Amino acid sequence: MSWPFSFARFLAVLTKEFIQMRRDKVTFVMMIGVPIMQLLIFGYAINSDPRNLPTLVEMADEGPVSRAILASMDTSTYFDFEGVVTSPEEGERALRDGTASFVVVIPDGFERDVVRGLRPQILLAADASDPAAAGGAVAALSGIVDTVLSQTMSGALAYTAPAPPPFGVVVHKFYNPEGKTSVNIVPGLLAVILSLTMVMITAVAIVREREKGTMETLIATPVRPFEVMTGKIMPYVLVGYVQTGVFLVVSRILFGVPFVGSPFAFFVGFNLYIVVNLALGFLISTVAKSQMQAMQVSFFTLLPTILLSGFMFPFAAMPNWAQTIGSVIPATHFLRLIRKVMLKGADLIDIAGDLTAITLIMLVIVGVALKRYRQTLD
Amino acid sequence: MTEEFAISVKGLTKVFGDRTVVDHFDMEVPKGAIYGFLGPNGSGKTTTIRMMCGLLTPDGGTGQCLGLDILSEQEAIKENVGYMTQKFSLYEDLTIRENLDFIARMYRVPSRRERVKQALIDLGLSDRANQLAGTLSGGWKQRLALAACMIHDPSLLLLDEPTAGVDPKARRDFWDEIRRLSAKGVTVLVSTHYMDEAVQCDFIAYIAYGKKLIAGPARDIPKMIGLHTWQVTGPDIGDLEMALRSEPDVGQVARFGQVLHVSGTDEKALEAVANRYRAKQSHKWMLKEAELEEAFIYLMAGATDNFLGAAK
């Protein structure tokens, strides 16, 4: 750079970009509308601990013990009793066609065998094709049964109750004691929203100049590439700020997601994340030949961001190779960072590792992008 | 040398992949001249212009533009050159005023507001200044683009097919404007493939398939090729055209309505052909001075397509 950075020219590019953004109403609405829509959909619609699952009962016996168990299952809110089946075949059919997620089978002579101490078995037939849907309810069941037994098997029947275990286990759920999915999903959404809009908007905005030929006009003037880039990208950083603001308000008011950590750590984290996404958008713009391609490649990067980052599914549950891929995705580290800050009360030192990871990824992206950018000029 | 020429390049070469798009190109554009740059589509005109104004780095060759080195002083060249792209490449979603203002800011034009205002008045677009550029007609777009690349008062204008797809009236206006600028001392290098525009130029260079075929003052070009032309009129001109095309001594036959221009480089042989046909049929044969039009059709036919060779 033989000549110094011209602030006037940077400002001119910035102004131009704002005017264009204002005129492109569809994109403008998308930038604010899409994040709100995503927040509402993901925040309200997604529940990884499903309740009120349709359940049928096949009652070959009826008595106080079985009634107590069924009542207790009902009050747990996991199971929603919707009717009775009279044969195993009918139960199986209900599971197969999806009208029921569970069929509880109380065997013949159940009450009698309980009294005789023969340890009869209740069958819970579950549609386990979706492990996440069945898992919570199944896990809850043994607790329900234990409680019922200790309450119902008292007095003369006390001998049938199981002996209490020699020690107790106390579970203390930190950070999200109610186990609300939205508390986990909503902070992660900021990673997805910023990633989607920042990457795509930057890529499209730059490719648009090339596709329309205006880039040629630009580089024929004395304007420096650095002035063009900063001037073009700055407005979208601001969009990122607005999105983050919207996110904070919505997550607080609608979903009651706490924010217990250091605001400063949050500020540093999301700024760095915005920059890494802009850099990725910039890189895509050097590859894509048209706005259409830029859009497609941006969407392509969105998929791993959602699936492999730990946003939708627990990161630790993925096989090693998937974790390896996941750990080069910026969103993975930003997710950890923001969950730590918002839910766990982390400050800057706690997120230093995540910041370092994002910085490293950014350096690589910027390096490749700059190298490619120089090539595309010629 | 730099006193005399606005552009002076030697051995300019550009290779894209395995195609030599511009092959050892030499050119000298005198200051204040209107220099026509002719050649068929894809012959390397745009690439050459881009190299001369510092948009592309040549793979070989040297040169100066306004006394500045095209390899090392690209930034300074950009400050003093107005470059108009082939396709309209201002912002369609900005207004006319915003476009001019933006370009003026890129060049850091002093007293910018006044300059933009004056440009709008010169254009005759003052009352439509707030109209989006994308809604302008083709002719107006060209004029706006010219105004934009003149906003910093450059001493050299590079116009890349400025009148492609513009109606004849707008083209004439455009050329009037170019001559006005030239009269003020601005050097203009303009690429085109309209022959009627070539005639307007002081100098002409003809490029085909990346190689310069000929260059010189416009009126000398036909003589430089050594072309001799007969003008033929008469009945059944179509049949005669077919017959002449198969004559080995006839370089080319160009038809203009009911008139044929029969050209060749061998004066004697061509005359023999003329006499032969004159004796046979009742057509009127007249020796005429070869013009640019014939000259370029002749050049085109003779040029070999080295890109085809590369593709094989």
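Biologist: Where is Glu161(B) found in chain B?
Modeller: This is a predicted model, where local features need pLDDT of at least 70 and side-chain atom pairs count only at pLDDT 80 or more, while totals for chains, interfaces and linings use all residues. Residues are numbered from 1 along each chain as its sequence is written, chains are lettered from A in the order in which they are written, and side-chain values use heavy atoms, with hydrogens and water left out. Helices (H or I, at least four residues) and strands (E, at least two) are DSSP runs numbered from the N terminus. Glu161(B) lies in the loop between strand E7 (156–160) and helix H6 (168–183).

Biologist: Is Glu161(B) buried or exposed?
Modeller: Buried means under 20% relative accessible area, exposed over 50%, and partly exposed in between (1.4 Å probe, protein chains only). Glu161(B) has 7% relative accessibility, so Glu161(B) counts as buried.

Biologist: Which residues does Glu161(B) touch, leaving out those up to four places away in sequence?
Modeller: Contact means heavy atoms within 4.5 Å. On that basis the residues are Asn41(B), Lys45(B), Gln86(B), Ser191(B), Thr192(B) and His193(B).

Biologist: How are H3(B) and H4(B) oriented to each other?
Modeller: The axes of H3(B) (residues 96–106) and H4(B) (residues 112–123) come within 10 Å and cross at roughly 135°. Axes are lines fitted to C-alpha atoms, for helices over the stretch in contact, with angles from 0 to 180 degrees between N-to-C directions. Angles under 35 degrees count as roughly parallel, over 145 as roughly antiparallel, 65 to 115 as roughly perpendicular and the rest as oblique. The crossing angle therefore makes H3(B) to H4(B) oblique.
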